[in-house]
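Here are some short exercises to help you find your way around a new structure. Try each task by yourself, then follow the worked solution.

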Amino acid sequence: MSDDMIILQGISEVARLHLGWQGGDLSPEMRLVEDLRLDSVRLMTLAAEVENRFRIFLDEADELAIETVADLVAVVRRKLGR
Amino acid sequence: MAAETLLDYLDCLGRFPDGGLRFVDRAERATWFPWTEIRERALAVCGGLRALGIERGDRIPLIFPTEIEFFDAFFGVQLAGAVPVPLYPPVRLGRLGQYLRGTARMIERTRAPLVLADARVKRILGEAVALARPRLGCKTLGELPRERGEVVRVGPSDLALVQFSSGTTVDPKPVALSHRAIIAQVEILNSFWQDTADFRHTCVSWLPLYHDMGLIGCVVPALSREAQLTLIGPELFVTRPALWLRALSRYRGTISPAPNFAYGLCLHRISDAEMEGCDLSEWRTALDGAEAVTPAVTRAFIERFARWGFRPEALTPVYGLSEAALAVTFSALDTPFESRRFQRDALSRDRIAREALEGREIVSVGRPVPGFRLRIVDEAGRDLPDGRVGRVWIQGPSLMEGYLDDPLATARVLRDGWLDTGDLGFLMDGELFLTGRAKDVIILRGRNYAPEEIERAVEGIPGVRTGCVVAASWLPEDAEGGRLALFVETARDAGPEALADLPEACRTAVLGAAGLAVDQVELLPPGTLPRTSSGKLRRAEALRLWLAGELAPPEPVTAVRMAKAMARSGLAYARLRWGREEG
């Protein structure tokens, strides 16, 4: 399984556990606001729980360009690569 | 010791060396700073600011998360005689465009020569700062000159703080508070909790530092008493509410305030496992304010957390607003909270409070705090008797000087020393019961939002009639918190597909613009929303009509109706002339 798939599964798990996501695995093109319907509290929760799960730290500049699940996967991959 | 300015509190440090600030991170590790060290750090910032040419009275926006640098900046700015303006840091994963525009607007509004920000925040502020163009730009504390500078002496009438009561691009409301006002409020708060030789109160707070309940409610009192204050970042609390209660237990907190929704989060987002070993019995006062207190949440919280020692009489509903610095009314401490039921129709239709076994339950927010007076007045400003719903006006020693640089807006709410809070309620047996708001501000999750902010988000969606959108919040009975409604007039030429997609499109737009989920989207025919004679939308009236099921379009004017109306008036005129009775 590719790294991206593993990361995607991890994020999907976070969505299920902490955001009440009832669907299957998230798909990369899903937008956080339009498709996942995340309000500001749930966006914060997603960021914090993704950090906890992957033991990484996201800062404001990292989060700048995250609009879709794929964006989030890319940032996590980059952080894990360190 | 009679303090006249907040700086006097910094001057008097050293009586209680074990006082200070404790920051708790997500792994529950603590970092400790004694108040004396905080003063030293602030003096360094003061020196840097003076070297840059910052002068007495300059307004300096501060953008920091909950961390020691916030305090270095806050007190450093005050020591330099300038006025701190705490702004909120960016929301996680939020839409940056809105944040930057809103922040630029607030910076501009304060006419600030300089913005201070955390290094990480500064990296993304570029656009906001470019738009607002403060003379000295944006600096981190590390970028300030390392010079020793003289402390600038200010007086009680000087501004101590400017606080935006709701962050918005449209109409920011910067509340200007003098040192005198803040000292007065802190003395009021301190009077509720006495320290003794053997016992000292300690507070735990996750509240944002750019919000009055956190800054004026927790920080300044702790400084004035040289007490211990434990702080958790608000974004940490919201994602892991257990951190709050665990910190209360670990650090034996005796006081902690929070808005209603926070108690609700604890109900739904904390597992029993996370509470293992917790003891909340030292938590004597759980203040509940900043938004409506719902009985559903308060009772459930008391019931659930009794298991870990939470005292039912600790829950203390309170009422206040940033225009009054903070607290206006307090329920009795160490007493179970009080609520009563009132006849629904009498309340909503006749604005009279009559107790009824089966009525709408409203929680009392208590009596005016020492030094404050309260009046309930009608639309014409005449005092109403007990049990009659009216506008809440207040008078007290911690009222704002006004809205910064805006005498017109100030004059609209501050008259002859009385502040029109814009809230509606009634008095009964000396206690205040709030029923709603006359002002348009939306309060959700303890935060204020300007309705324009939300309305603007949906302008431009195909099918939405321009300038014909109202956003309003209301509190359904038995609900755990406020709900958000959007009333949208549809464009005359809107096609069926556009209309079908409209509610969803509106929700998405509001989610993106404000991070808020809309609970109810109501599509209305053109012309339905009530307006003033000058054409302004009447938000409170729209909400009232909708709740009463009466939000309907005016009757269409057709030729036949016109003729009938004219005939009726002609007939009446004829009768008048001939002195005949109405048949």
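## Exercise 1: Where two chains meet

Seven salt bridges cross the interface of chain B and chain A. Please keep in mind that this is a predicted model.

**Task.** Describe the contact between chain B and chain A: the residues it takes from each chain, the area buried and the salt bridges.

**Solution.**

Step 1. Start with the residues: 26 from chain B and 26 from chain A take part in the contact.

Step 2. Turn to the area. The two chains bury about 2,500 Å² between them, and 56% of this is on carbon and sulfur atoms. On the side of chain B, the most area is lost by Arg26(B), Arg92(B) and Leu93(B), which together make up 31% of what that side buries.

Step 3. Look at one of the salt bridges. The side chain of Arg92(B) meets that of Glu51(A), with N and O 3.1 Å apart. A network of salt bridges links Arg92(B) with Arg26(B), Glu51(A) and Glu63(A).

Step 4. Add the polar contacts: there are twelve residue pairs of this kind between chain B and chain A. Three helices of chain B, H5 (119-132), H8 (234-239) and H15 (496-514), each supply at least two residues of the side that touches chain A. H15(B) gives the most, with five residues.

Step 5. Sort that side of chain B by class: ten residues are nonpolar, five polar and eleven charged.

## Exercise 2: The overall form of chain B

**Task.** Does the radius of gyration of chain B agree or disagree with that of a compact globule?

**Solution.**

Step 1. Chain B has 583 residues, and a compact globule with that many would have a radius of gyration near 25 Å.

Step 2. The value for chain B is 26 Å, which agrees.

Step 3. Now fill in the picture. The C-alpha atoms occupy a box of roughly 90 × 55 × 50 Å along the principal axes. Chain B contains 17 helices and 28 strands, and 56% of its residues count as buried.

Step 4. Consider the contacts in chain B between residues at least 6 apart in sequence: 71% of them join residues at least 24 apart.

## Exercise 3: A helix and its surroundings

**Task.** How many residues of helix H9 (residues 242-250) of chain B are buried, and what do they pack against?

**Solution.**

Step 1. Seven of the nine residues are buried, so H9(B) is largely enclosed by the rest of the structure. Among them are Trp244(B), Leu245(B) and Leu248(B).

Step 2. Find the partners of these buried residues. They pack against strands S9 (203-205), S10 (228-232) and S11 (255-258), and against helices H8, H10 (260-269) and H11 (295-305) of chain B.

Step 3. Go just past the end of H9(B), where Arg252(B) takes a positive phi of about 50°.

## Exercise 4: Salt bridges within chain B

**Task.** Which parts of chain B are linked by the salt bridges Asp405(B) to Arg59(B) and Arg299(B) to Glu361(B)?

**Solution.**

Step 1. In the first pair, the side chains of Asp405(B) and Arg59(B) meet at 3.0 Å, N to O. Asp405(B) sits in the loop between strand S20 (402-403) and helix H13 (407-413), while Arg59(B) belongs to strand S3 (residues 59-63); the two are 346 residues apart.

Step 2. Check the exposure of this pair. A residue under 20% relative accessible area is buried. Arg59(B) is therefore buried at 13%, whereas Asp405(B), at 39%, is partly exposed.

Step 3. In the second pair, the closest N and O atoms of Arg299(B) and Glu361(B) are 2.3 Å apart. Arg299(B) lies in helix H11 and Glu361(B) in strand S16 (residues 360-363), 62 residues apart.

Step 4. Glu361(B) counts as buried at 15% relative accessibility, and Arg299(B) is partly exposed at 40%.

## Exercise 5: A threonine in a loop

**Task.** Is Thr528(B) buried or exposed, and which backbone oxygen does its side chain reach?

**Solution.**

Step 1. Locate Thr528(B) in the loop between strand S28 (520-524) and helix H16 (539-547) of chain B.

Step 2. Its relative accessible area is 6%, so Thr528(B) is buried.

Step 3. The side chain of Thr528(B) reaches the backbone oxygen of Pro525(B) at 2.5 Å.

Note on methods: Residues numbered from 1 in each chain as written. Chains lettered and ligands numbered in written order. Predicted model: local features only at pLDDT ≥ 70, side-chain atom pairs only at ≥ 80, totals over all residues. Heavy atoms only, no water. Contact = heavy atoms within 4.5 Å. Buried area = accessible area lost by both parts, 1.4 Å probe. Salt bridge = Lys/Arg side-chain N within 4 Å of Asp/Glu carboxyl O. Polar contact = N/O pair within 3.5 Å; in protein donor to acceptor, adjacent residues only side chain to side chain. Helix = DSSP H or I, 4+ residues; strand = E, 2+ residues; numbered from the N terminus. Nonpolar A, V, L, I, M, F, W, Y, C, P; charged D, E, K, R; others polar. Rg over C-alpha atoms; globule rule 2.2 N^0.38 Å. Buried < 20%, exposed > 50% of the residue type's maximum accessible area, 1.4 Å probe, protein only.
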